[in-house]
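Work through the exercises below with the model open. Try each task before reading its solution.

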Number of protein chains: 4
Amino acid sequence: MKQKVFLILVAGFMLFSGAVQAQDKKYPEQEPMTHAMSEFWLPRPNAVTPGSIVTNTAPSDAIVLFNGKDLSAWQNMKGEAARWDVHHGVMTVVREAGSIRTKEEFGSFQLHLEWYVPRAASGEKQSRGNSGVYLQGIYELQIIDDYSEETYANGMAASIYKQTAPLVSPIRKPGEWNVYDIIYTAPVFKEDGTYLYRPRVTVLFNGVLVQNNTEIRGTTPYVGFPRVVKHGDGPIMLQSHGDPVSFRNIWIRRL
Amino acid sequence: MKQKVFLILVAGFMLFSGAVQAQDKKYPEQEPMTHAMSEFWLPRPNAVTPGSIVTNTAPSDAIVLFNGKDLSAWQNMKGEAARWDVHHGVMTVVREAGSIRTKEEFGSFQLHLEWYVPRAASGEKQSRGNSGVYLQGIYELQIIDDYSEETYANGMAASIYKQTAPLVSPIRKPGEWNVYDIIYTAPVFKEDGTYLYRPRVTVLFNGVLVQNNTEIRGTTPYVGFPRVVKHGDGPIMLQSHGDPVSFRNIWIRRL
Amino acid sequence: MKQKVFLILVAGFMLFSGAVQAQDKKYPEQEPMTHAMSEFWLPRPNAVTPGSIVTNTAPSDAIVLFNGKDLSAWQNMKGEAARWDVHHGVMTVVREAGSIRTKEEFGSFQLHLEWYVPRAASGEKQSRGNSGVYLQGIYELQIIDDYSEETYANGMAASIYKQTAPLVSPIRKPGEWNVYDIIYTAPVFKEDGTYLYRPRVTVLFNGVLVQNNTEIRGTTPYVGFPRVVKHGDGPIMLQSHGDPVSFRNIWIRRL
Amino acid sequence: MKQKVFLILVAGFMLFSGAVQAQDKKYPEQEPMTHAMSEFWLPRPNAVTPGSIVTNTAPSDAIVLFNGKDLSAWQNMKGEAARWDVHHGVMTVVREAGSIRTKEEFGSFQLHLEWYVPRAASGEKQSRGNSGVYLQGIYELQIIDDYSEETYANGMAASIYKQTAPLVSPIRKPGEWNVYDIIYTAPVFKEDGTYLYRPRVTVLFNGVLVQNNTEIRGTTPYVGFPRVVKHGDGPIMLQSHGDPVSFRNIWIRRL
């Protein structure tokens, strides 16, 4: 993600804990880092060819977040209408429209979504088919075309961005649909704004386990360490990184 | 499960910890229980209608345990050839042949399998379409037709038998295929034979989350409390409870 | 503990979850058990001789629950004045006065207390120097003189009663003070009244680790399985089981 | 700690996993960091005045690591005799002698030790009474006189160095003995050298809880992110940072 986008996001709905906000002038500021300091290329997840396409439609207790017809469940980061493209049952990033998020907010959930990078995608590393699913609007599960162009391990598709690489890499090539099945357990905070229990996530990527109840250590910034910010329920956010990534068949179940 | 079958299983490959085996005559024996004492009918998981059928074939790094043609990956509980029926790409319990288990043994794994109870199934409660998947040959994830006939919550399909009911009940009716996607983390034992880390399991049942990193407390007997028995890798075991349950598309990935 | 006492306790302040309360007549009741069915004698914790007496007085951020002078921090189970005996800096169970609990309620905490069984104690097994510390008023950490008279392992001093035996048994003999240092993490519940995160407890018994972040599975009844009951903050409760157990130097820190 | 010391340590006995060791030239190296990038000054743990001195001598099942007389249980980092000073029942860092470690190696354990910084200690921040206890020779629990001179929160006494600050700060002033009671659970590794279960630690500092089953994320270097290195049992290591820190009453129990 671009840090700029994240700061807008934060201003939109995140609650900083008092502890973190407190800035007593006598203490040193943390020294700035560069983005490359938190990029790990090794060890690299093994490539796996996934099985046949999974067509897992919404069960009866799911909330359908995209039915192929309209963006009525979504808004942009200012709370206005979401202006992504909808055609042929598919919604696609529109660069100028920015990131979008669900109107509803969620705690723990099971989320299904399918994403697609067009065959003509270009760009290098993190500029190729880049998007992301933000769990509770905060924690990024990476979407990127690392099939065509390698990137750092903790920035690959299905990584917890800048934290935890996927166990293996079962990505499909551009022009084919990829599937995420996500089981997310929301964090529990202490009164002082630190985690009592960290958020955790399990991800099946094209039916293959890539995150196994992985603990999320905090925010997923482009630069620097994860940070702990106290928050309650939040939306599902889909990132516009400028690249024309498409989505379909999105549904969620509250846990 | 029937206790008798389990004892055979135990005799076959399980290692009791010395601590548990020790029987000092001066201490009282634990008082016997009845099977009904560990059966909980309430609270009842909500019924959910699952989405369309999932056809998730084996990824490239999976071991195919049943390819629709033969039982070469399986043996009976005595280590002899597995004599279940194989027809039309489906394998079916043969009562006289008993339970079967894989020749290979596994630690932590991702397991996919599909199971089916015929439309003509009869019997009441735990006598209707009853089978089970034993994780590492020890911990039963229940298979049963509780669509047609209600049973106790911690004995429903996708329960950790006699321990943990599924979160919801997305079972399909007899004559339709059901799908289990199982993520299992093997236990770690202390030297004294007790758990340092208990086994844990996540289960998607027809694509719907029903066990979310559930801790398994020990064995899953028909009568009495779970027991802790030290063990290493173990097979996948499929139970013959006498009912004609069928299976297809079984594959496993070591984690 | 005696079940009768517990039921009074429950009536006093516990909130049953709706799910557990629901009693739909068409489902079978769970079959009654006897107390001996949940008593495990083996394996037995090894006896350990503890080091010299720990005199760990209250740090500056602790709430002193007993200062050696009065019972102003305590009340009986009906909310009336606590009528235990106070002499020489020590408070002692008075059988007719019943169990007592703190006026304040707590979530997660660090608790220090010292307890004592007189040299003249008599009685067999669970009738000898029997008392208990109830964490949040619900989960019993056992107090008993098992130095003089053996009892079942999951009913020994520092057991989570009827659940988890201590790792070892560093109890001192009657006429000497025993020390508990308890670190308790309160559970987190889902809306349906089941645990999202179970309560956990670490206990040093005379300076020796006996419970190491042990998960508590539910209530600690004399008869039957642990039950899950939704609750919020609760008091520290000290049990009157009729035996003349004494206490001193009790303090608590909120975590 | 100084990074130099740590590299010697690593060379001495640590096993890097193959995955981490692999250095394929075509991938970018991680960009170097400075030590200040991983120093967090806020939020700051509250100061707490501890209770009276704890004199918790070894229980009968402990291994006494320092009995006040000699260093027979210790060696220097090259495996030679440990040449720290022993007088009046106390052992003290000798700068030229370097860090020392136990001859025995340990998995999970309960460790008691007492440490002392002389009244005349001088130096600023991390140069004042600096030492450290390395759990399994790898993970540093910080020792430092931050009573006299403030330092960054994740470098204070009882911090998991550069990772997790203590919950509160119950340190005693120079010239008084401080006490650590440490409960450490060793990690469990997957075959690929990553954690299946991370190491965890609970610490009472002068009888006050400061680490509550804290997960350790990897090594504790002076510069950069924690790293994951596969290892088995390891020694208790006491760091010589050049400052005259003293120790007494050291014992350990295997868990």
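**Exercise 1. Strand S9 of chain C**

Task: in this predicted model, decide which residues of S9(C) lie on each side, and whether they are buried or exposed.

Solution.
- Start from the general pattern: in a regular strand, side chains alternate between the two faces of the sheet.
- Sort the residues by side. C:Tyr139, C:Leu141 and C:Ile143 lie on one side of S9(C), and C:Glu140 and C:Gln142 on the other.
- Apply the cut-off: buried means under 20% relative accessible area.
- Read off the result. Both faces of S9(C) are covered, as the residues on either side are all buried.
- Check the count: 5 of the 5 residues of S9(C) are buried.

**Exercise 2. The partner of S9 and the turn**

Task: find how many bridges join S8(C) to S9(C), and which residue of their hairpin takes a positive phi.

Solution.
- Count the bridges. There are 5 between S8(C) and S9(C), and the two strands run antiparallel.
- Pick a facing pair: C:Val133 is opposite C:Leu141 of S9(C).
- Go to the turn. The hairpin has 3 residues between its strands.
- Look at the backbone there. C:Gln136 has a positive phi near 55°.

**Exercise 3. The whole sheet**

Task: give the strand order of the open sheet in chain C, and name its edge strands.

Solution.
- Recall how sheets form: strands pair through backbone hydrogen bonds, parallel or antiparallel.
- Trace the order. The sheet has 5 strands, S3-S6-S16-S8-S9, with antiparallel pairing.
- Mark the edges. Strand S3 (74–76) and strand S9 (139–143) of chain C each pair on one side only.
- Step inward to S8(C), residues 131–135. It is joined to S16(C), residues 237–238, by 2 bridges, and these strands run antiparallel.
- Find a facing pair here too: C:Tyr134 is opposite C:Met237 in S16(C).

**Exercise 4. Salt bridges across the chain**

Task: locate the salt bridge of C:Arg128 and that of C:Glu39. Then find the salt bridge of A:Arg128 in chain A.

Solution.
- Set the scale. The whole structure has 32 salt bridges over all chains.
- Take C:Arg128. Its salt bridge is with C:Asp145, with the closest N and O atoms 3.2 Å apart.
- Place the two ends. C:Arg128 is in the loop between strand S7 (109–116) and S8 of chain C, and C:Asp145 in the loop between S9 and S10; they are 17 residues apart.
- Check burial: C:Arg128 and C:Asp145 are both buried.
- Take C:Glu39. Its side chain meets that of C:Lys162 in a salt bridge, 3.0 Å from N to O.
- Place this pair. C:Glu39 is in the loop between helix H2 (18–21) and strand S1 (46–47) of chain C, and C:Lys162 in the loop between S9 and strand S10 (168–169), 123 residues apart.
- Check burial again: C:Glu39 and C:Lys162 are both buried.
- Move to chain A. A:Arg128 and A:Asp145 meet in a salt bridge at 3.2 Å, N to O. Both residues are buried.

**Exercise 5. The interface of chains A and C**

Task: describe the contact between chain A and chain C by residues, area and polar links.

Solution.
- Count residues: 6 of chain A are in contact with 6 of chain C.
- Take the area. The two chains bury about 560 Å² between them, 66% of it on carbon and sulfur atoms.
- Find the main contributors. A:Val188, A:Leu196 and A:Tyr197 lose the most area in chain A, together 70% of what that side buries.
- Count the links between the chains. There are 0 salt bridges and 2 residue pairs in polar contact.
- Classify the chain A side: 3 nonpolar, 1 polar and 2 charged residues.

Definitions and conventions:
Residues numbered from 1 in each chain as written. Chains lettered and ligands numbered in written order. Predicted model: local features only at pLDDT ≥ 70, side-chain atom pairs only at ≥ 80, totals over all residues. Heavy atoms only, no water. Contact = heavy atoms within 4.5 Å. Buried area = accessible area lost by both parts, 1.4 Å probe. Salt bridge = Lys/Arg side-chain N within 4 Å of Asp/Glu carboxyl O. Polar contact = N/O pair within 3.5 Å; in protein donor to acceptor, adjacent residues only side chain to side chain. Nonpolar A, V, L, I, M, F, W, Y, C, P; charged D, E, K, R; others polar. Pairing = 2+ DSSP bridges. Helix = DSSP H or I, 4+ residues; strand = E, 2+ residues; numbered from the N terminus. Buried < 20%, exposed > 50% of the residue type's maximum accessible area, 1.4 Å probe, protein only.
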